[in-house]
There are 2 protein chains.
Amino acid sequence: MSKLARTYDRSRVPLYLQVASVMRRRIEAGHWQPGQKISTLEELEREFEVARVTVRQAIELLREEGLLHCQQGRGTFIADDPPRRRWLTLATDWASLLEPIKDNVPRLMKVDDPPPAPELGPGEGRPAPDYIFLRSVQFKEDEPYAIVNLHLAREVYDKAPQDFLDHPALPVLASLGGLRIKHAHQTLVIGGADPEAADLLRIGIGAPTAECRCVVIDEHDVAIYVADITYRSDCVKLHMNLFGSARGKPRTSSGPRKAAAGEVSTLRA
Amino acid sequence: MSKLARTYDRSRVPLYLQVASVMRRRIEAGHWQPGQKISTLEELEREFEVARVTVRQAIELLREEGLLHCQQGRGTFIADDPPRRRWLTLATDWASLLEPIKDNVPRLMKVDDPPPAPELGPGEGRPAPDYIFLRSVQFKEDEPYAIVNLHLAREVYDKAPQDFLDHPALPVLASLGGLRIKHAHQTLVIGGADPEAADLLRIGIGAPTAECRCVVIDEHDVAIYVADITYRSDCVKLHMNLFGSARGKPRTSSGPRKAAAGEVSTLRA
DNA sequence: CTCAATTTGTTCGTATGTATG
DNA sequence: ACATACATACGAACAAATTGA
């Protein structure tokens, strides 16, 4: 058994999907350039060590995604304008976290069974006396890219209730007077979509996601903002400045600077 | 067709794998506690809307992973000590980036076709006159968790060649005298393992990975350190301090504070 | 101890999907 | 396009272990 075959074997995902994901990656990484003719079926069979039909299944999948087109007698070509990844740049500092989302309009969702209070881990402060729970889906060009589950301290929400329903909470929070923020942090892990997240984000169950937890703590050590955010993995990019002045900053073309208008449906807190 | 069935359908991954990934997530998120009896097969069939055999296939998979054990007549139980994720905390600032890796011993790999120079994007500085290329795999308790592809400016490498072979490059770089670092940054995106990465990290082809690019730029605007690092997605956690003093820091139990000793094999630069 | 209820384990037949040559 | 083999998924029935009445 070849080494490649053993590597295929480590995943129980169908072979043609594995081949497709390698090819998809090559296109997205730019190893295969737009308009370029890719290897012939025969070369691909040899490279991936699979049957011709299996390569064709993979190609068919990518063709449906608009990444390839085939022409009998000529070959298989990368699309001239393969659908681009819209990288949503996640920030690692307070200022650049607020900037790209401040004009965004979340679509609030009805919540049937709102959890009464957030579960706070060590370093996440003390619980506030009362929270309201907001759930929203973030859209960019009618494509969902994140689900936000937010516990917001009631006393904070009451300062500007309508603003918190119409705008992303973090910029509203930052603009509130008479509120001292002592600390804010965010953690990120890579997870997989559960059925509900998969449904809302229009991805497959188990498809990779970026799971963020963002906590804001006030001067009294109370967690006033506790958000669990699930992003589609294919539209997030994280930029960290490690040392020195900010440069190599995210390009202005990416990130949802202008948000699509969203419908606001019923809300229960 | 039910909503759930449509969500299943969005992924062409076998159904039992999708069910398994949802169950695995519940265990890892703590929704199902160690030792606890989970729902009966019949309840699971109804919940996931799949046949009994399909639930059993998913359960069998998780049993092999050591997350579950079953007992005829009694039920199915979460393992008392389910294998834990060892979160490797990635840093978002210079100091905490160096701390956890400084004692690590990378296993250097032979490189057959070293790329002559890194491809530098905008904001990544000017290329150095010459680079050496190092590839290594990082291990923790004999489990690989990352692949490092590093372009290091030759003039920097020459200051302490042996140190760069025996230790992670970044701490060595930081300890060098007569070198002024002007800027350093890192970006992270979520990707999928190509066959080579899958082989080295012992994961499936297409399995999610964290792809980091770390660039260090000196006082002359020259990129002296350009690393592409691929982490297994299941062992990284990112902690970002957004505002205020550092707190809620990663627990000391996680992260590879003490590195496993690694063999150093042949190296070609 | 036996009985019944519960729950996992096994097997059949059938249909469809995946993969090869 | 065809023949072949194996994996996936379904529903249903039956077997075997455990529990408590």
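In which sense do strand 1 and strand 2 of chain A pair, and over how many bridges? I took this up at the outset, noting that the model is a predicted one.

**Entry 1. The hairpin of chain A**

I found that strand 1 (residues 68–71) and strand 2 (residues 75–78) of chain A run antiparallel and are joined by four bridges. I looked up A:His69 and recorded A:Phe77 as its bridge partner in strand 2 of chain A. Three residues lie between the strands of this hairpin. Among the residues of the hairpin I noted A:Gly73, which takes a positive phi near 90 degrees.

**Entry 2. Helix 2 and helix 4 of chain A**

I next examined how these two helices are set against each other. Their axes come within 8 Å and cross at roughly 55 degrees. Angles from 65 to 115 degrees count as roughly perpendicular and those under 35 as roughly parallel; helix 2 and helix 4 of chain A are therefore oblique to each other. I recorded the crossing of helix 2 and helix 4 of chain A as right-handed.

I then listed the residues that meet. Helix 2 of chain A brings A:Leu15, A:Tyr16, A:Val19, A:Ala20, A:Met23 and A:Arg24. Opposite them, helix 4 of chain A presents A:Thr54, A:Val55, A:Gln57, A:Ala58, A:Leu61 and A:Leu62. By class, I entered nine nonpolar, two polar and one charged for this contact.

**Entry 3. Helix 2 and helix 4 of chain B**

I looked up the corresponding pair in chain B. The axes of helix 2 and helix 4 of chain B come within 8 Å, with a crossing of roughly 55 degrees. That makes helix 2 of chain B oblique to helix 4 of chain B. The crossing of these two helices of chain B is right-handed.

From helix 2 of chain B, I listed B:Leu15, B:Tyr16, B:Val19, B:Ala20, B:Met23 and B:Arg24. They meet B:Thr54, B:Val55, B:Gln57, B:Ala58, B:Leu61 and B:Leu62 of helix 4 of chain B. I entered the classes of this contact as nine nonpolar, two polar and one charged.

**Entry 4. Helix 3 and helix 4 of chain B**

How are helix 3 and helix 4 of chain B oriented to each other? I found that their axes come within 9 Å and cross at roughly 105 degrees. Helix 3 of chain B and helix 4 of chain B are therefore roughly perpendicular to each other. In this contact B:Leu41, B:Leu44, B:Glu45 and B:Phe48 of helix 3 meet B:Arg52, B:Val55 and B:Arg56 of helix 4. I counted four nonpolar, no polar and three charged residues there.

**Entry 5. The surface near DNA strand C**

Which residues come nearest to DNA strand C? Of the 19 residues around DNA strand C, I recorded A:Leu15, A:Ala51, A:Thr54, B:Thr40 and B:Cys70. Each of four elements supplies at least two residues of this surface: helix 2 (15–29) and helix 4 (52–64) of chain A, and helix 4 (52–64) and strand 2 (75–78) of chain B. I classed the residues of the surface near DNA strand C as nine nonpolar, seven polar and three charged.

**Entry 6. The surface near DNA strand D**

There are 13 residues around DNA strand D, and I noted B:Pro14, B:Leu15, B:Ala51, B:Thr54 and B:Gly73 as coming nearest. At least two residues of this surface come from each of helix 2 (15–29) and helix 4 of chain B. Helix 4 of chain B gives the most, with three residues. I divided the surface near DNA strand D into six nonpolar, four polar and three charged residues.

**Entry 7. The contact of chain A with chain B**

I recorded 57 residues from chain A and 57 residues from chain B in this contact. On the side of chain A, the elements giving two or more residues include helix 1 (3–9), helix 5 (94–98), helix 9 (195–201) and strand 9 (208–218). Strand 8 of chain A gives the most to this side, with twelve residues. I classed the side of chain A that touches chain B as 25 nonpolar, 20 polar and twelve charged.

Lastly, I looked up strand pairing across the chains. Strand 11 of chain A and strand 8 (residues 181–192) of chain B pair in the antiparallel sense over six bridges. I noted B:Val189, in strand 8 of chain B, as the bridge partner of A:Lys237.

Notes: Residues numbered from 1 in each chain as written. Chains lettered and ligands numbered in written order. Predicted model: local features only at pLDDT ≥ 70, side-chain atom pairs only at ≥ 80, totals over all residues. Near = placed C-beta within 6 Å. Nonpolar A, V, L, I, M, F, W, Y, C, P; charged D, E, K, R; others polar. Contact = placed C-beta atoms within 7 Å. Pairing = 2+ DSSP bridges. Axes fitted to C-alpha atoms, helices over the stretch in contact; angles between N-to-C directions. Parallel < 35°, antiparallel > 145°, perpendicular 65-115°, else oblique. Left-handed = near helix turned anticlockwise from the far one by under 90°.
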